[in-house]
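Subject: Structure handover

Dear colleague,

Here is the structure I said I would pass on. My notes on what was found in it follow below.

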Amino acid sequence: MMPLQRLPQICLALLVALAAPAFGQGFPNKPVRLIVPFPPGGSSDVVARIVADGAREPLGQPFVIENVGGAGGNIGTARGARSAPDGYTVTECTIGTCAINPSIYANTGYDLQKDFAPVFMVGGVMNIFTVHPSVPVKTIREFVAHAKANPGKMVTAIGGVGSSNHLTPVWFANIAGLDLLYVPFKGSGDSITALIAGQVFAFVDNEPSILPHIKSGRVRALSVTGPKRSANLPDVQTMIEAGYNGFVVEPWFGFQVPRGTPPAVIQTLNAAFNAAVQNPRTRGRLEEAGLRVVGGAPERLGEQIASEYERWAKVVKANNIRAE
């Protein structure tokens, strides 16, 4: 027969055992931080905010956006890597931070394989070659001729070392034999401001952030880097149509969490993000911004990272690109 004096301890143990599963099932019970490793105003910020807004209802908690720019996205990504693996810190993963940076930085401050677990592949966009309206060109072919006639004078913005809007013009200049003068900025937003002000002549940017300025006439689109024309800019040629076969660049975005985050928590986040992009309102906002939605299981992002890392490592090596 069980001694009566042991009943309180046994009851307490049973309560703890019963409460443990409930605690795991209670995620999330507070807002989730979403680190965007770039300043406000760029495509990374635009996409993250649209998806976070759409995922709020299915998750049952809001996302708090934290923009942490610097070092081509490395600073913010490293901060995410050092966060507690509890699901309450999600870090946006981009073509720059998850595919390009490991090849051009001696030390990014994080290891994608050891520090992160994939959660969700949002989708991809295309880049657009743009110029200030004062530049007397309307197509990418005309831009090439103008740049060759003015070597070293075509001031071109770079919205973050290691980003796709850095490697895209560098790769193209190498192919076309151009001598461009590159000016680095902290992010896409600062680059666009400089382009509109005429402080730089050219900029290659993701469609979601540059599109409103093209439509307003403050910048001029020359070509898009998708495999086909943008539905938002049906009159603008692809690079392939302009004669640059194989020149396709599709920047992409995803979400990841610190390695060690419980699988059930990852699945909860993944389900909320999938619900968000399937919601007609959220999906419409993403497509209007120029994003091709992907979605799916967490493994889809892992596959994207692996394939894109290999591809861009070759471009980085061929063009001897290094970040100081």
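In this predicted model, five strands form an open sheet in the order 7-6-8-5-9, and their pairing is mixed. Strand 7 (181-184) and strand 9 (220-224) each have a single partner strand, so they stand at the edges and one side of each is left without a neighbour in the sheet. From one strand to the next, the twist averages 30°.

Within this sheet, strand 5 (residues 127-131) runs antiparallel to strand 8 (residues 202-206), and 5 bridges pair the two. One residue pair to look for is Phe129 with Val204, its bridge partner in strand 8. Helix 9 (residues 207-215) packs on the sheet and touches strand 5, strand 8 and strand 9. The direction of helix 9 makes about 125° with that of strand 8.

The other sheet to look at is also open, with 6 strands in the order 2-1-3-10-4-11 and mixed pairing. Its edge strands are strand 2 (63-67) and strand 11 (292-293), each of which pairs on one side only. Strand 3 (residues 89-94) and strand 10 run antiparallel and are joined by 4 bridges. Thr91 is placed opposite Gln256 of strand 10.

Next, the enclosed spaces. How many cavities of 30 Å³ or more does the structure hold? There are 2 of them. The largest cavity has about 200 Å³ of space. Its lining is made of 20 residues, with Phe38, Ser44, Ser163, Asn165 and Asn206 closest to the centre. Two or more lining residues come from each of helix 2 (43-59), helix 4 (95-104), helix 7 (164-176), strand 8 and strand 10 (252-258). By class, that lining holds 6 nonpolar, 13 polar and 1 charged residues.

The second largest cavity has about 60 Å³ of space. Among the residues that line it are Phe129 and Val204, the bridge partners already mentioned. Others in this lining include Phe143, Pro169, Phe172, Leu180 and Phe203. Strand 5, helix 7 and strand 8 each give two or more residues to the lining of the second largest cavity. The classes here are 9 nonpolar and 2 polar, with no charged residues. Helix 7 and strand 8 therefore appear in both lists of contributing elements, for the largest cavity and for the second largest cavity.As for open space, the largest pocket has about 290 Å³. It is lined by 15 residues, and those nearest its centre are Met126, Lys228, Gly290, Leu291 and Arg292. The lining of this pocket divides into 5 nonpolar, 4 polar and 6 charged residues.

Gly290 also turns up in the surroundings of Asn232. Asn232 is in the loop between strand 9 and strand 10. The C-alpha atoms of Asn232 and Gly290 are 7.2 Å apart, although 58 residues separate the two along the chain. Leaving aside residues up to four places away in sequence, Asn232 touches Glu207, Leu211, Lys215, Glu287, Glu288, Ala289 and Gly290.

One helix pair is worth a look. Helix 2 and helix 11 (residues 280-288) pack with their axes 9 Å apart, at an angle of about 175°. Angles over 145 degrees count as roughly antiparallel, so helix 2 is roughly antiparallel to helix 11. On the helix 2 side, the contact is made by Val47, Ile50, Val51, Asp53 and Gly54. Helix 11 brings Arg281, Thr282, Arg285 and Leu286 to this contact. By class, the contact has 4 nonpolar, 2 polar and 3 charged residues.

Two backbone details remain. Most residues other than glycine have a negative phi, and most peptide bonds are trans. Which two residues does a cis peptide bond join? They are Phe27 and Pro28, with omega about -5°. Pro28 lies in the loop between helix 1 (7-25) and strand 1 (32-36). Ala71, a residue other than glycine, has a positive phi, near 55°. Ala71 is placed in the loop between strand 2 and helix 3 (74-81).

Regards

Methods
Residues are numbered from 1 along each chain as its sequence is written. This is a predicted model: local features need pLDDT of at least 70, side-chain atom pairs count only at pLDDT 80 or more; totals for chains, interfaces and linings use all residues. Side-chain values use heavy atoms; hydrogens and water are left out. On a 1 Å grid over the protein atoms alone, a cavity is a set of points where a 1.4 Å probe fits but cannot get out, and a pocket is an open set with protein on both sides within 12 Å along at least five of seven lines; lining residues have an atom within 4 Å of a point. Grid points are joined across faces, edges and corners, and a volume is the space filled by probe spheres set on the points. Ala, Val, Leu, Ile, Met, Phe, Trp, Tyr, Cys and Pro count as nonpolar, Asp, Glu, Lys and Arg as charged, and the others, Gly among them, as polar. Two strands pair if DSSP finds at least two bridges between them. Axes are lines fitted to C-alpha atoms, for helices over the stretch in contact, and angles run from 0 to 180 degrees between N-to-C directions. Contact means heavy atoms within 4.5 Å. Angles under 35 degrees count as roughly parallel, over 145 as roughly antiparallel, 65 to 115 as roughly perpendicular and the rest as oblique.
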